[in-house]
Amino acid sequence: MEGKSSAKKKKVRKATSNPPAEEAVAASLLTEALILEILSRLPARSVRRFKCVSTAWRDLIADPDHRKKLPQPLAGFLYSTYHGPDHRMYNFHFAKVPGGAAQPVDPSLSFLPSHQYWYVDQLDTCKGCNGLLLCRAHKFPSTLFGDDDEPLEYHYIVCNPATGRWVGIPALPPVADGHRVIARLAFDPAVSSHFHVLQFEDTEQDKYITGVTIYSSQTGAWNYRESRLPEKISLFAGFTSVFFQGMLHLYGLLYPVNTDFDAVLVAVDMEGQVWKTIPVPSGGLSYGMMGVSQGCLHYAATPLAPGEKKKKGKKKKHGDTTTVWYMKDYDSREWVLKHSVSYDELCSMTGGEYRVAAFHPDCDTIFLDSFGADTLASYDMQHLKFHRIRSLRKNKAAIFLPYVPLFSDSFAGADGQ
């Protein structure tokens with residue numbers, strides 16, 4: 001009996017020894033092209049993990065030629081500081097985050113023909129738009145030092161900081177005196193190499209949206225579309241945008257502004273034909289931030305001056321709480337609460353006041369910007385861990401532009417070298 005049992009065990013061992021060999025044969029049939037095709041469809045975080053499979057896979061993923069086809073992790077943030085008393089001019093900086101691309105980013109964009117311009121603004125990376133940066137290039141003023149009241153001529157530039165490629169966009173006629181314009185970028189390299197620039201215009205007196213002028217790199221032309229919003233909405237110039245589900249999303253307030261500060265997201269398609277508003281969770285006077293993370297639209301609300309309101313004894317709908325929401329089903333326009341942290345709890349971890357500055361594209365992490373300490377930090381919502389990343393330059397402006405490098409050689413219409 002023992003002999004038969006032993007024979008059975010040997011047969012079992014022999015039978016179970018085949019699958020690993022078969023898996024090895026199957027793995028060997030994967031060509032580099034097929035592996036790259038599979039990896040190109042995965043999130044950047046997953047691609048980074050596959051570097052640990054073997055030395056061959058690590059070298060395959062790290063190859064400069066292959067980087068052009070693979071998704072890249074968040075490299076860091078472009079941000080600006082005020083340059084002297086003239087708040088029209090800035091100095092630009094880059095704040096790297098852990099796990100970001102090893103290749104440094106030149107925040108000065110030295111590849112642009114700076115001798116042709118007085119200065120260049122960095123306006124938007126459009127969260128969710130991999131790699132491209134929208135800039136506004138100002139011509140030299142008629143007088144040497146310029147006049148604060150003198151309107152400056154400018155045109156837009158779209159560039160790729162990772163490759164130094166750029167394209168100048170035909171200038172639009174100047175807007176009427178008193179009117180304000182807000183320009184944003186829309187681009188999705190997974191869908192097309194073409195991009196759009198949208199310039200929104202508001203009224204002279206009431207400051208609500210009247211329409212948008214859209215540039216398409218495919219047609220090389222601007223087209224104006226009147227607003228189709230039933231509501232009157234004033235856009236926030238100091239907030240970045242999100243390109244998601246084929247529509248550009250911006251942050252605004254219902255007009256006229258009341259004490260409830262009814263914030264909404266304004267969405268418009270690339271033809272200027274479809275307009276819609278998405279109410280955001282109400283939390284009283286707060287700093288709102290939107291982004292795309294793990295394939296879903298996200299929104300965060302950081303209460304403004306919670307300590308002062310606490311002393312005055314005023315009640316707020318969400319108290320002194322920073323809340324993070326996500327839209328599991330975009331078509332439903334319904335927000336689901338993902339995380340909340342009280343003002344006191346966050347202060348005990350951070351040692352100061354922070355606001356949500358951005359969302360990590362691949363995990364449940366938010367990036368925080370301190371109000372007074374000029375510090376960039378991260379907060380892991382899943383493990384409740386706070387990490388101070390680095391100090392930032394003083395006198396920084398409000399906008400943080402998340403930067404994910406795009407290593408493709410070119411994008412549609414690029415003519416810079």
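Which strand is V268 found in? That gets picked up in one of the close-ups below, all of which come from a predicted model.

**View 1. The whole protein, before zooming in, has eight helices and 24 strands.** Of its 417 residues, 47% count as buried. The protein exposes about 21500 Å², and carbon and sulfur atoms supply 52% of that area. If you take the contacts with a sequence separation of 6 or more, 54% of them join residues 24 or more positions apart.

**View 2. Here is the largest nonpolar core, a set of 35 residues.** The members with the most contacts inside this core are L265, L297, Y299, Y330, W335, I366 and L368. Take L368 and skip its neighbours within four places in sequence: its contacts then include L346, Y354, R355, V356 and A357. Further along the chain, L368 also touches T375, L376, A377, Y379 and F386. There is a second, separate core too, with 18 residues, and I182, A186, I209 and L248 are among them. As a general backdrop, nonpolar side chains tend to be buried together in soluble globular proteins.

**View 3. This one is about V268, which sits in strand β14.** So that settles the opening question: the strand is β14. V268 is buried, and its relative accessible area comes out at 0%. What packs around V268, once residues up to four places away in sequence are set aside? The list is L198, F200, M247, L248, V274 and W275. One of these, L248, also turns up in the 18-residue core. For a longer reach, look from V268 to S227: the two are 41 residues apart along the chain, and their C-alpha atoms are separated by 9.2 Å.

**View 4. Staying with β14, this close-up is on A263.** The strand covers residues 263-269. Is A263 buried or exposed? A263 is buried, because its relative accessible area is 13% and the cut-off for buried is under 20%. Leaving out residues up to four places away in sequence, A263 touches Y251, G252 and L253, and also P279 and V280. With V280 the C-alpha separation is 6.2 Å, for two residues 17 apart along the chain.

**View 5. Helices α3 and α5 cross in this view.** Helix α3 spans residues 32-39 and helix α5 spans residues 55-62. Their axes come within 11 Å and cross at roughly 70°, which means that α3 is roughly perpendicular to α5. The crossing is right-handed. Which residues make the contact? From α3 they are E32, I35, L36 and L39, and from α5 they are W57, L60 and I61.

**View 6. Two loop residues with positive phi are shown here, Q294 and L384.** Q294 has a phi near 55°, and Q294 isn't a glycine. Its loop runs between β16 (286-293) and β17 (296-303). Q294 is partly exposed, at 42% relative accessible area. L384 is not a glycine either, and its phi is about 55°. Look for L384 in the loop between β22 (375-380) and β23 (385-391). With a relative accessibility of 46%, L384 counts as partly exposed.

**View 7. G99 lies in the loop between β2 and β3.** Those strands cover 90-96 and 119-124. G99 counts as partly exposed, at 41% relative accessibility. Beyond its neighbours within four places in sequence, G99 is in contact with R48 and P73. A75 is another residue to pick out here: 24 residues separate A75 and G99 in sequence, yet C-alpha to C-alpha they are 7.3 Å apart.

**View 8. The last close-up takes in G164, in the loop between β5 and β6.** β5 is 154-160 and β6 is 165-168. Loop or not, G164 counts as buried, at 7% relative accessibility. How far apart are the C-alpha atoms of G164 and D106, which are 58 residues apart along the chain? They are separated by 9.6 Å.

Methods. Residues are numbered from 1 along each chain as its sequence is written. This is a predicted model: local features need pLDDT of at least 70, side-chain atom pairs count only at pLDDT 80 or more; totals for chains, interfaces and linings use all residues. Side-chain values use heavy atoms; hydrogens and water are left out. A nonpolar core is a set of buried Ala, Val, Leu, Ile, Met, Phe, Trp, Tyr and Cys residues joined through side-chain atoms within 4.5 Å. Buried means under 20% relative accessible area, exposed over 50%, partly exposed in between (1.4 Å probe, protein chains only). Contact means heavy atoms within 4.5 Å. Helices (H or I, at least four residues) and strands (E, at least two) are DSSP runs, numbered from the N terminus. Accessible areas come from the Shrake-Rupley method with a 1.4 Å probe; for residues, only the protein chains shown count as cover. Axes are lines fitted to C-alpha atoms, for helices over the stretch in contact, and angles run from 0 to 180 degrees between N-to-C directions. Angles under 35 degrees count as roughly parallel, over 145 as roughly antiparallel, 65 to 115 as roughly perpendicular and the rest as oblique. A crossing is left-handed if the near helix is turned anticlockwise from the far one by less than a right angle, and right-handed if clockwise.
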